Amino acid sequence: MSSNKYGSLFVAVLIMLLAYACGTSRKVNYLNKNAVSASLSLDNSAEEFPDLGFGVTKRDTVAVEDFDGRRVMLMNTIRDEETGEMVASDVIQAAVITVRFRNVAERQGKVNLSFNVTVPKSMQDSKWQLRFYPDMFILGDSIRLEPVIITGTGYRKAQLKGYQQYERFLSRIVSDTTRFINIGQLELFLKRNIPQIYAFRNDSTEVSDEVFYSYYGVSEQQAVDHYTNKFLKRRNEWRKSRIGKMYKKYVKAPIVSEGIRLDTVIQSSDGDFVYDYVQTINARPKLRKVDVVLSGEIFEQDKSLYNVPRTEPLTFYISSISSFADNHERYLTQVVERRLAADTECRIDFEVGKADIKPGLGNNALEMNRIKNILESLADDAVFDLDSIVVSATASPEGSYASNKALSQRRSKSVSKYFGDYVDYLQDSLRHEEAVQYNMDSEYTVIRKKRQRINFMPRSIPENWEDLREFVVNDTVLTEAQKETFFDKFRTENEDARELALSRESFYKYLRDTYYPRLRTVKFVFHLHRKGLVKDTVHTTVLDTAYMMGVESLRNMEYDLALIRLKPYEDFNTAVAYVGLNRNTNALAILSKMDRTAEVNYLLAIIYARMGKTHDAVECYVKSCKQNRLFVHRGNLDPEISALIQAYQLNKLNEEDEKDFTF
């Protein structure tokens, strides 16, 4: 190729580079000039709350009895524009409204925040990587959530090219140092000068350095060094010393695989990019509101081109079952038991056929931390002393009864050992705490806390048939005929024969996939006694501090701990704790015996909705709203009631009388 051709090629490449640079500069200038940003929004096209199985139906009606004893027909309706009357409608179209806040519900100590991250087309480029950082503001704290990364194809190609260059550099580093030794020359040296040593070349017998030295007057290492190519060795060591530097040189923008929510490669920028972000947070005391904002950066390899302006905040208002807590102080004269027992369950996943606890398996870490929090609270409780803990492990019915019995026993012992060690750790921590008391002469005494003996007693339930039966009773998917078939098989006394008979039914796979995992639980029964109480029972008319601590735990959404403290009372607050834990049958047993106040009716509506008893749920909700108009607005905050409102168009006010409903 002539010099003119080389010159032409150089000019062409230079023109392409200049065009590329100008194109990038124009896009960045546009972003800066217009302060282009991504946006946070709520997904208005989807239902605010999940479908609970009885969602919007076409021309569906339900007949209920309101608080005044009137029979009312509820249905999907719209107002006729000509007559003004409410008429049934097949479809109700939803309007698209852009809002900056949403009401979300806390359930079982968890809150799900869902929002959209929208990236406009003008921010997308094949050569760029966009990094977005959602920040959550909660009770004065700022928490950075996992970032969302959007990568152009050109950017990713450059990343991979850098890794390939780095891999080529690493391939030139020699790990086997014998490659630097001139083996042929070394063997020739030994053959000519030390044939006795040379004879060992095909023998695995070790030749000590002392033996080698006695033959030739030099050590083995000295002989090896003499026949080593020192230039190649030094060059290899130099390459090793540059590993970190070469990584930075070639891999300017590492590919991150952990600690991010999304890293997607966009093929083309044909339109806006939308990502549905869902974040689950743990409820905490006084949690009423969460704000979320978004910021970000645009990178071209390791160079930051543009700082994405922060968005306006999205606000999530939190509604909680804990708000139903009755805060009245308890001064009732009652018999107080010295000893009591309370229970809770956790779902610990095990590997198939194994009993070892794996904190990283499934949802184990979350469940185990919950139990640890309960143990920590009880170990240093101001009212109760913890005496013993019965740990019962259950198994699902698949497999033989004998093997499930042995497996559940091993798992129960494993869980007892794990949490027993944790309690010992807590007790040791408490024992080393010191309280210093000063008197008038500035003297002090040191009070050491005594270690309390807490026994763990492992128990096992080989196959958890009773809970399976309860699940089937409340199931809303199985037909009545399928339930009858189940109960018929359930009467089989032999567990293995019962499981075999069920496995032949068409609905068995549904049971196994839906309910069997929920049968593998570990139940904790805490045996406690009240501090300072000698008699087995006493009558008291003073403030019941144990009860009020339970109410405080309930307000703080610590439902497990609240239930442990409130269970002996079996009152409204106990029912609230059960509802908070989704233990609906227990809550129903308490509330059914109480006067039907607005609060009781509302909680019953939630429970019946969860059980799929739509008629009872609607009836209880209508009555609660008649008793207390505040529940008309509260209904939109709870997913169970919101689904009823959407399904039957509840809460529409009559224009002539604002105190009555029209349906």
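This is a chat between a trainee and a mentor about one predicted model of a protein chain.

Trainee: Before we start, what should I keep in mind about the model?

Mentor: The model is predicted, and local features need pLDDT of at least 70, side-chain atom pairs count only at pLDDT 80 or more, and totals for chains, interfaces and linings use all residues. Residues are numbered from 1 along each chain as its sequence is written, and side-chain values use heavy atoms, with hydrogens and water left out.

Trainee: Ok, how many helices and strands does the protein chain come to?

Mentor: The protein chain has 23 helices and 25 strands, where helices (H or I, at least four residues) and strands (E, at least two) are DSSP runs numbered from the N terminus.

Trainee: And what percentage of the residues count as buried?

Mentor: Of the 663 residues in the protein chain, 42% count as buried, and buried means under 20% relative accessible area, with exposed being over 50% and partly exposed in between (1.4 Å probe, protein chains only).

Trainee: What about contacts between residues at least 6 apart in sequence, how many of those join residues at least 24 apart?

Mentor: Among those contacts in the protein chain, 72% join residues at least 24 apart, and a contact means heavy atoms within 4.5 Å.

Trainee: Can you show me one residue with contacts like that?

Mentor: Take Val390, which is found in strand E18 (residues 384–394) and is buried, with a relative accessible area of 14%. Leaving out residues up to four places away in sequence, Val390 touches Met457, Arg459, Lys523, Phe524, Val525 and His527.

Trainee: How far is Val390 from Phe456?

Mentor: Their C-alpha atoms are separated by 5.9 Å, although Val390 and Phe456 are 66 residues apart along the chain.

Trainee: Switching to helices, how do people describe two that pack together?

Mentor: Two packed helices are described by the angle between their axes and the distance between the axes. Here the axes are lines fitted to C-alpha atoms, for helices over the stretch in contact, and angles run from 0 to 180 degrees between N-to-C directions.

Trainee: So what's the angle for H21 and H23?

Mentor: Helix H21 (residues 614–627) and helix H23 (residues 639–648) pack at about 95 degrees, with their axes 11 Å apart. That angle makes H21 roughly perpendicular to H23, given that angles under 35 degrees count as roughly parallel, over 145 as roughly antiparallel, 65 to 115 as roughly perpendicular and the rest as oblique.

Trainee: Which residues meet there?

Mentor: On the H21 side they are Thr614, Ala617, Val618 and Tyr621, and in H23 they are Ile641, Leu644, Ile645 and Tyr648. By class, the contact of H21 with H23 has 7 nonpolar, 1 polar and no charged residues, where Ala, Val, Leu, Ile, Met, Phe, Trp, Tyr, Cys and Pro count as nonpolar, Asp, Glu, Lys and Arg as charged, and the others, Gly among them, as polar.

Trainee: And H9 with H17, at what angle do they cross?

Mentor: The axes of helix H9 (residues 364–379) and helix H17 (residues 559–566) cross at roughly 45 degrees and come within 9 Å, and H9 and H17 are therefore oblique to each other. The contact involves Arg370, Ile374, Ser377 and Leu378 of H9 together with Asp560, Leu561 and Ile564 of H17, and its residues divide into 4 nonpolar, 1 polar and 2 charged.

Trainee: How many residues of H17 are buried?

Mentor: In H17, 8 of the 8 residues are buried, so it is largely enclosed by the rest of the structure.

Trainee: Now H19, what does Leu588 touch?

Mentor: Leu588 has its place in helix H19, counts as buried at 15% relative accessibility, and touches Leu604, Ile607, Tyr608 and Met611, not counting residues up to four places away in sequence.

Trainee: Last topic, how many disulfides does a search of the whole structure find?

Mentor: The search finds 0 disulfides, a disulfide being a pair of cysteine sulfur atoms within 2.5 Å. Among the cysteines, Cys620 is buried, with a relative accessible area of 7%, and Cys625 is buried too, with a relative accessible area of 0%.

Trainee: And what is the phi of Gln301?

Mentor: Phi of Gln301 is near 55 degrees, a positive value in a residue other than glycine, and Gln301 lies in the loop between strand E13 (289–300) and strand E14 (303–308).
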